[in-house]
Amino acid sequence: MNNEHLIRCHICETVNYDNALTSECRRCHTKIRASLRCSYNKTLAFLITAIILYIPANLYPILITKQFGMNSESTILGGIIHLWELGSYPIALIILVASVVVPLLKFLLITYLLITSKHQTHSSSLDKHKLLYITESIGPWSMVDVFVVVILSVLIHFSGIQIYPGTAATAFALMVFFTMLSALSFDTRLIVNHNKKSNYKKGKALHAS
Amino acid sequence: MIKEHELDKLIICKKCHTLYEKVPLTKNEKAFCNECNVLLYQQDADMLNKSLALVITAGISLFIAFNFSIININIQGLEQSLTLTSLFMVLAEHEQYVVGLLFLFIIVIFPISILLSTFVLLFFMKIGKAPYLTKRLLILLAHLKPWNMVDIFFISLLVSMVKLFDIANIELGIAFVAFLFMLILDIIITKNLSFHELWLLHAQTYGYKDE
Ligand SMILES: [Zn+2]
Ligand SMILES: [Zn+2]
């Protein structure tokens, strides 16, 4: 059996032939063999958009506190440092991971996957599939900071004191949206294609009850 | 060329893309990937009924979560409560339209669509009718899945509460419990409802050429 010509439909999980005869999944009829070049370009375009949005997301204030007519603004990093100084270490860490580590890690992972899809590398396709899976699953967690800012702005909404989201909230939310689109546009065949020989390891499914 | 039913005996792991030949399972058994321990497929004859009951319960929780207050706070006599309506009113007042739109989709439209589609899908698959509709719903659900953020919204609620802990009296509303309940149900449904099995069941129930 020619294992290297089998691919997984990302919509219905069905195993399909990767041949030129048909461009649709045999079960759900989703296009699963659109051009790889198109997938590459889409992933790259969404990634660049996200990276550009990440700049205003860090430079502009994400949270503005208006207290008796006085405005004080705080950026994402400023907020994390402030929380750390106050001693709320767990919260500071959650925000640090969600708003800084996860987005940067996603940028790096997608860039790595894009670069290695064009050039021969020593890394195994098995690891790269796992990296793509991780990239997809950690994506939404960056939304925590935006959610928190919105929740706080609803609750701290009095005549004397008000908290409201700054420009960075919009930039950040859009950044998360575009990184998710970027990861979703990445076609797994970009990993599969160039080292066809050792593509799949075949085995019996492991049992457990 | 292998025939279609031969291809159906194969499965590719969603995480590491290792190809496996499926082995028959007995009742309530599960098969995991050798490489990354991800659940590949399972045998559960009662999947439709169980999931249907869970989805209905989740729907009730969602209704409560959307219509009652999530958190009430009290700062020196001043009171404020977080509800879905107050959330969108405040966002509109601050002219945060993009964030508001994103919230509308992530918190309201997607969860409702996911639950409603799953309910309709399971109902029609159970009685074995409407092949085209059920197929569209299966595809729709696959597209909606990555945008489900109930878990992240709940974590955000907890983070916000910790931030307000020092300056305000916090009281949890009914909707907070409903959100927590929905989160738990969501995890159980995801564990129970295998889309791989649903697609196979769809092919068995309606035949391959349903269009
Ligand atoms: Zn498919
Ligand atoms: Zn695996």
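In helix H5 of chain A, the buried residues (under 20% relative accessible area, 1.4 Å probe, protein chains only) are Val144(A), Asp145(A), Val146(A), Phe147(A), Val148(A), Val149(A), Val150(A), Ile151(A), Leu152(A), Ser153(A), Val154(A) and Leu155(A). H5(A) is thus mostly covered, with 12 of its 12 residues buried. The helix reaches 17 Å from its first C-alpha to its last, close to the expected 16 Å. That expected span is 1.5 Å times one less than the number of residues. Helices (H or I, at least four residues) and strands (E, at least two) are DSSP runs numbered from the N terminus.

The model is predicted; local features need pLDDT of at least 70, and side-chain atom pairs count only at pLDDT 80 or more. Residues are numbered from 1 along each chain, chains are lettered from A, and side-chain values use heavy atoms.

Chain A also holds an open, antiparallel sheet of 3 strands in the order S4-S3-S5. Its edge strands are S4 (70-74) and S5 (161-165). Strands pair if DSSP finds at least two bridges between them. S3 (residues 63-67) and S5(A) pair over 5 bridges. Gln67(A) stands opposite Ile161(A).

In chain B, Cys13(B), Cys16(B), Cys33(B) and Cys36(B) bind the zinc ion (ligand 2) through SG atoms, 2.2 to 2.3 Å away. Donors are N, O and S atoms within 2.8 Å of the metal (3.2 Å for Na, K and Ca). The 4 donor atoms subtend angles of 104 to 117 degrees, so the arrangement is tetrahedral; that term requires all angles between 85 and 135 degrees. Cys16(B) is buried at 2% relative accessibility, and Cys36(B) is buried at 15%.

Terms used. Four donors count as tetrahedral if all angles lie between 85 and 135 degrees; four count as square planar and six as octahedral if opposite donors are over 155 degrees apart and all others between 65 and 115; anything else is irregular. Buried means under 20% relative accessible area, exposed over 50%, partly exposed in between (1.4 Å probe, protein chains only).
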